[in-house]
Amino acid sequence: MKKSIGAPPWAPWAFLALPLILYAVWVILPICQSLAFAFTKRDSIVYGIQWVGFRNFARLLGDPTFWLAIKNNIIWLALFLLVPIPLGLGVAMLFNNEHRGNKVYKTLFYLPMTLSFAVIGTIWMWIYSPDFGVLNGFLRAIGLEELAKPWLGDKRYMTGALVAVGVWRQVPYVMILYLAGLKGVPAELVEAAMIDGATWGQRLRHIVIPLLAPATVVAMTISIIDSLRAFDIIYVMTNTKARAAEVLASYMYTSAFGYSDFGYGSAIAVVQFLITLAFILVYIGRVLRDETER
Amino acid sequence: MRKASLSLLALFGIAASIGAQPLVVQSYMSDEAPKNAFAALVAEFQKQNPAIKVTVNTVAHEQFKTQLVNYLTAKDAPDVLTWFAGFRMQQYAMKGLLEPLPESTFPGGSFVKEFPAAFKPAASYNSKIYFMPQSWYWWAVYYNKDVFAQYKLSVPKTWDEFLSVCETLKQNGVAPVSIGAKDTWTAGGWFDYMNVAVNGGTAHQKLTGGTVSYTDPSVLKTFGYIADLAKKGYILENAASYSWQEAVTPLVEGTAGMYLMGQFIMDSVPADKKASIDFFSFPKVGRPDYGVDTPTDGFMIPAKAKNKAAAKKFLAFIATKKAQDMMNVTLGRLSANMTGAIPNAEAERGLAMVKGAAFAAQFYDRDAPEEMAAKGMNAIVDILQAPDSYKDILTALDKERVRIYADLK
C-alpha cells in the first residue's frame, strides 16, 4: 500500500480552486452568455430578453458585410501563413550564426513586437499618408509615381495595407520561435550531412525544417489565431470605420457597441469563436497525439 | 442643558444628512475647455444649493456613447446625463428609460418660455418633454475668403452658381470641396443639406424616420447630385484618407476652397488664419426655402435616477440664461435659451441663418437610428469613390433600411 504523506486527495483542488473559479467566472461564463445572447433580439438583453431562435444567424447568411468580413479574414489568414513563417524562418537562420552586431540587429527586428497595436497603427497611418507618407514619398522618389496610392482611403487597398502592418509585427514573433527551435537542431547532425556532401538546400530541406516541425506548428497556430482576432490595427488605422476592411472582430464590435445590436454582435462572435475553435482543436489534437506517441 | 445639546446634535445630524443629498451627473465633456466650463457651472449651482452635493463623473466621449445604455438601465443610475436631442434621445424615451420633464420644471413655467418652439419636437417624445437643451451649433459651407478673392468668386446662392465656383477652382488647381471622409460622419452633413435642398424638410424627416425608400426617385435625385460632384472631380482627392481635422488643412492653406462642416471647424483653424475662413448658407437647389443642421446638446434624467427632485432642480438651473451664458459664451456656442447672450459676430450671422430656415434637422446620426446613419454615411463615402454605381449602393442600403426600422418595433 502506497500512501502519500499528508496530502489528502482533494489537496490539488484546494490549490486550484481560486484560479478555476476565476477562470469559470471570467472566461467560461461569458462564453456561455454570449452564446445565449446570440439567440436574442437586438438589444433585448438590456430591456428584457426576447428569444428569436436562429434569426440572427439567418441574417448573417444574407448580410453582404458579414461575407465581406469572412473574405477579409481569409485574406488575413492566408497572408499570415504565407508571409511571416518563411520570412521569420529566414531571419532566424540569419541570426542563428554568430556575427558582428548580431544582438543589435536581433533586438531591432524584435522591437515591433514590444509596441502596442495603438502605437503601431498610429506610426503606420503616417507611413501610409497619401501626401506626406514615407511610403508614397519613396515610391515617388524612385519614379513610381503611379504606384503611390491612398492606401487607407481606397476600398481596393485597405485590407492589403492593414494586413501588411499585421505581418510586419508578426515576423519577429515567428523569428523568436524559430530561434528557439534552431537551438534544438544538433550541430553534429548538420556537420555530418555536410561531410556527406549534402548541399545547403538539402540540409535545409531534410534536416533543419523537419527538426523545426514543432516550432512550425506553434508558429502556424499562433499566426492563425492572431489573424482571426485581427482588430486593434483595423480599429486604430481606420478611425473605427473599417468600411471595406471589415473583419469578423471589427464587425462584431460595431454591431454590438456601435449599433447596440447585442444579439447580432453575439452571433458574429459565436461564428468567430467556432472558426477559431476548429483550428485550436486541430492543434490540440496534434499535441495530444505527439504526447501519447512518446 | 444636556437634552438641548442632544437635540441640537440630532438637528445637526438631520441637517448633515440633508446636506449630503447626493446628485450624480455623468458627463461626456472630457475635452479640457468644456470640462472646465462645466465645472464652473456646477460650482455655481452648488453655491446656490448647498443642500445638494453634486458629483460629476466625466467619461471620454466615445466611451460614454457605448456605455449609455448601461447607465440608463443600471440599478444605481446616475441622476443626470449629458446627451443629444432628436431620435438619439427619443429611442430611450420610447423604451421608458427616461424621466419626463413637466412644463413646471422650466424656470419660466414652460419650455417655450425659455427655448425656441422649434427645439421642442427634438426634445420630446409622444408629447412629453425629456430633454433640457443647453447649446447648439450650425453647419454651413465654410470657405477660404482669400481663395475666393484671388479668383474673383462670389458666394454661390444657387446650385448652378456653386457648380461654376467649383469649376473655376478646379481649373486653377484648387480642390473645390474638402471633406475628411475617413470620419464618415462628415458625409452625414452632405446627406442632410443636399436632401433638404432637393426635397425639403418634410420629405427629409420621412427619410430619416424610415418611411421613405433610399431608392425612391426623389432620394436618387439627391444622391445623383452628390455623385455628380464626385464625377466632375470637385471633391478633394483622397478624401477618404483624411480625418475631418486633416481635411481642414487644405482649406486653411488655400489648396481647397470649401468645406461643409459644423461651426466647431473654427476650433481647428489656426488663430492667425481665422480671418480668412468664413461660411455661407448651403446653395439652393430649385426650392425657395432652405434647411439647416442644428445639433443640440443638453441633459436628461434616467427613469431609474435616485434623486429626481434634485436632478430637476439642476436641469432648471441649466435652463436659465445665466447658466447657459456661463457655458456658451466661454465656448463660443449658441445658447438654447432664447435670451442667451450671443458670443460673437460670427454667431450672430449663424443665428440669423438659422432663423431664416424653414426646417432644422439635428444631424443624420441623431435623427436616424445609429446603424442606419452609419451605413448611410458609409454609402455616401462609397459613392464619392465610385459615383457611377450610386444606384447599386443605394439599393443595398435600402435593404438595410427595411430591416433596421422593422427591428426597432
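**Two chains, A and B: a walk through the model**

Let's start with a single residue: beyond its neighbours within four places in sequence, A:Pro84 is in contact with A:Val167, A:Gln170, A:Val171, A:Val174 and A:Ser223. By contact I mean that the two C-beta atoms, placed from the backbone, lie within 7 Å. Before going on, a word on what we have here: this is a predicted model, in which local features need pLDDT of at least 70 and side-chain atom pairs count only at pLDDT 80 or more, while totals for chains, interfaces and linings use all residues. Residues are numbered from 1 along each chain as its sequence is written, and chains are lettered from A and ligands numbered from 1 in the order in which they are written.

Back to our proline. A:Pro84 belongs to helix α5 of chain A, residues 84-96. Helices here are DSSP runs of H or I with at least four residues, strands are runs of E with at least two, and both are numbered from the N terminus. Buried or exposed, then, is A:Pro84? It is buried, because 27 other C-beta atoms lie within 10 Å. The cut-offs are 20 or more such atoms within 10 Å for buried, 12 or fewer for exposed, and partly exposed in between, with C-beta atoms placed from the backbone. For a sense of scale, A:Val271 is 187 residues from A:Pro84 in sequence and 26 Å from it in space, C-alpha to C-alpha.

One of those contacts, A:Gln170, takes us to helix α9 of chain A. The helix has a kink of about 25° at A:Gln170, shortly before the proline A:Pro172. That bend is the angle between axes fitted to the seven residues ending there and the seven starting there. Helix α9 of chain A covers residues 155-183, and at 1.5 Å a residue its 29 residues should span 42 Å; the end C-alpha atoms are 44 Å apart, which agrees. The expected span is 1.5 Å times one less than the number of residues. Also in α9 of chain A is A:Gly160, which is partly exposed, with 14 other C-beta atoms within 10 Å. A:Gly160 and A:Ala245 are 85 residues apart in sequence, yet 8.7 Å apart in space, C-alpha to C-alpha.

Next, helix α15 of chain A, residues 262-293. Its 32 residues should span 46 Å at 1.5 Å a residue, and with end C-alpha atoms 45 Å apart, that agrees. Among the buried residues of this helix are A:Phe262, A:Tyr264, A:Ile268 and A:Val270. What covers the buried residues of α15(A)? The cover includes α1 (11-37), α2 (44-47), α3 (55-61), α12 (213-228) and α14 (248-258) of chain A.

Over to chain B. Its domain assignment, which comes from an automatic or database source, gives domain 1 as 2-136 + 296-353 and domain 2 as 139-293 + 369-408. The centres of the two domains, taken over C-alpha atoms, are 33 Å apart.

Chain B has an open sheet of six strands with mixed pairing, in the order β2-β1-β3-β12-β6-β13. At the edges are β2 (52-58) and β13 (334-335), each pairing on one side only. Two strands count as paired if DSSP finds at least two bridges between them. Look at β3 of chain B, residues 80-84: five of its five residues are buried. B:Val80, B:Thr82 and B:Phe84 point one way, and B:Leu81 and B:Trp83 the other. Strand β1 (21-27) runs parallel to β3(B), joined by two bridges, and B:Val25 has B:Val80 as its bridge partner. On β12 (296-300), the run is antiparallel with four bridges to β3(B), where B:Thr82 stands opposite B:Phe299.

Another strand worth a look is β9 of chain B, residues 256-262. Seven of its seven residues are buried, so β9 is largely enclosed by the rest of the structure. Five bridges join it to the antiparallel β7 (139-144), with B:Tyr143 opposite B:Met258. Three more bridges join β9(B) to β8 (175-178), in the parallel sense.

Finally, where do the chains meet? 19 residues of chain B are in contact with 19 residues of chain A. On the chain B side, α3 (61-73), α16 (370-385) and α17 (390-408) each give two or more residues, and α16(B) gives the most, with six.
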